[in-house]
Amino acid sequence: MAVAEQHPPAAPEIPEPHQSFWRSLLNVRSSAGVRRTARVPWIPIVIISVIVIMAVFAPLLAPYSPIDQTLRDKLLPPAWMEGGKDRYLLGTDQFGRDILSRLIYGARVSLLVALLALTAGGGVGLVIGVVSGYVGGKVDAVLMRLVDAAFTFPAILFALLLAVTMGQGIGTLVIAISLLLWAGFARVIRGEVLALRQRDFVQLARVRGCSSLRIMATHIVPNVLNTFMVLVTLNIGVVIIAEASLSFLGAGIPPPTPTWGLMISEGRGRIAEAWWVALIPGIAITLLVLSVNLFGDWLRDRLDPRLRQL
Amino acid sequence: MSAAAEKQLLRVANVRKYFAFTKGILFSRTLGHVKAVDDISFEIRAGETLGLVGESGCGKTTISRMILNLEEPTEGYILLDDEPIHGLEGEALKAYRTKVQAVFQDPWSSLNPRMTAGRIIAESLIVTKWGDKDKIAARVAELLKQVGLRPDQAQQYPHEFSGGQRQRVALAAALASSPKLIVLDEPVSALDVSIRAQMMNLLKDIQAERNVAYLLVAHDLATVRHMSDHTVVMYLGKIVEKAPTQALFDDVRHPYTKALFSAVLIARANQEDEEIVLQGEVPSPLNPPSGCRFHTRCPYVMPRCSQEEPKLRDVTPGHAVACHLFD
């Protein structure tokens, strides 16, 4: 459903500027300086879909167990290289575990952590942003100082502390990453709400007899959902990198459960002789984060009502 | 109370609204007051229209926000059917909300873009638990017909309507709870000139049908003349002239009102009035001029104007002016 902020301006004829392949892929401003509604980012959508399918159907797709060790096959290079075996398409690590299988299972952890942390952190941020922006005054002042405090907090240090006190695991990871996320959500949503609150339909809702809670739930939240969805997609990349970093540092999921961050961590010692152990999960993270960010950029432009044709 | 006073629907009595100008949030201190509305009194009778005229910043919007119970007056009181409207809570406030409604100027901002027209119109019915779904749907259809839209347009979203249609939806939403008074804050000034007359006639038809009173806030004299029975002219938070609309348009007294009339071309019976073109800006309401607030821009300024504040008094029965020229 489209949203009209003001009278829709008469759409000026925008000349189709020449765009190179990379410019259009990266969705940057065209040479004329006019931001065009970008085309659908098919490549990122395909990459994201493949990774999601990998994660969901991991037991069906993975050729081997991600945990079982076959020590006589250790550190085999990918199949297309000299010395590689066809059985191990992407090679094996120092314990002879199939890297492809670990990659497929590792996607599960990354996406599960992303889903849980974005629900928790994003949800808390949404609620705090809406309340802070709508109620205003002292409540707003206090909540926004809390947000400032959260921004100054070293999240990685805190996650390490949590891992020590609560033990490693998905729960610890999700809590640590949520604490990293909520403040950013709260601040952006609050800004949006401050603008919305001045709109006449919010004032009129009070005149019609709506309570504050009702106004927030039926008038404010539906109008910030666009922004919320864009924040979610743009933060998926942050979460995946945070999960990988924490697993790399040993504060995430304990081994031998495969996660992408842990795989890099395990492979880094032998990067000279067996680069594929660390590089392949690294490429996977890069591809996923880049795809998600490109998709998020496109979604932001798509949902921005000023860029949409009515 | 006299028989005439009994018909009064809304009474605004000696209302003042000062906004504190503060610094700091948690430990704030007051630096001064903006006297947005300063000792204003007027009445609206059931089924009639009162026009409130003045340039921007004169306190029109503050008055209408106080009547809508979105702001509390600093001093004075507002009565609806002889009951004070401020300090209401819970059910009493909800009951008040059904009696006084509003239509705002900008139809692009006054409708929630995420709700269908039907849901917007039904809002006050849903809030007051007026009836079940079918009953509300029937009422919405009836309201849409009344404002000149089709009942099936209840399913459309605001962006699917034109400006004039949107304003009709806003009006239908205001009418849903059968209010006694509707505050019309510049209801036609955002519309194309070609559809203004339609909207004004619709408002008049609805008033005749439902005996609803209007408070018409406007800066456009033509609209006020067409719509209102009484007119109040404000300048910097004060009433400068108050009269039945016909009497005011026939015989403008206050120099500020004359200036307003000079600024627009209006066909009037006695056009021999001198033209007044105001110089300079409106003074700041943070620090209004002493005496008569208009004396800094008035072409007929006298020495006493800067010392003594003129009282609003009748120059002819029903026609009140606040100016030393008529003492």
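Colleague: How do H2(A) and H11(A) lie relative to each other: parallel, antiparallel, perpendicular or oblique?

Modeller: In this predicted model, helix H2 (residues 42–56) and helix H11 (residues 275–303) of chain A pack at about 130°, with their axes 9 Å apart. Now, over 145 degrees would count as roughly antiparallel, and 65 to 115 as roughly perpendicular. An angle of about 130° fits neither, so the two helices are oblique.

Colleague: Okay, and which handedness does the crossing of H2(A) and H11(A) have?

Modeller: We've got the angle of about 130° already, but the handedness is another thing to read off. H2(A) passes H11(A) in a crossing that is left-handed.

Colleague: By class, how many residues in the contact of H2(A) with H11(A) are nonpolar?

Modeller: From H2(A), the residues include Ile45(A), Ile48(A) and Ile51(A), and they meet a set in H11(A) that includes Leu287(A), Ser291(A) and Phe295(A). Sorted by class, the contact has no charged residues and 1 polar one, and the nonpolar count is 10.

Colleague: Over in chain B, which strands stand at the edges of the open sheet?

Modeller: The sheet has 8 strands with mixed pairing, in the order E6-E7-E8-E3-E9-E10-E12-E11. Each edge strand has a single partner, so one side of it is left without a neighbour in the sheet. Those strands are E6 (100–103) and E11 (313–316).

Colleague: What is the bridge partner of Lys242(B) in E12(B)?

Modeller: Strand E10 (residues 238–244) and strand E12 (residues 319–321) of chain B pair in the antiparallel sense, over 2 bridges. Lys242(B) has its bridge partner in E12(B), and that's Ala320(B).

How values were computed:
Residues numbered from 1 in each chain as written. Chains lettered and ligands numbered in written order. Predicted model: local features only at pLDDT ≥ 70, side-chain atom pairs only at ≥ 80, totals over all residues. Axes fitted to C-alpha atoms, helices over the stretch in contact; angles between N-to-C directions. Helix = DSSP H or I, 4+ residues; strand = E, 2+ residues; numbered from the N terminus. Parallel < 35°, antiparallel > 145°, perpendicular 65-115°, else oblique. Left-handed = near helix turned anticlockwise from the far one by under 90°. Contact = placed C-beta atoms within 7 Å. Nonpolar A, V, L, I, M, F, W, Y, C, P; charged D, E, K, R; others polar. Pairing = 2+ DSSP bridges.
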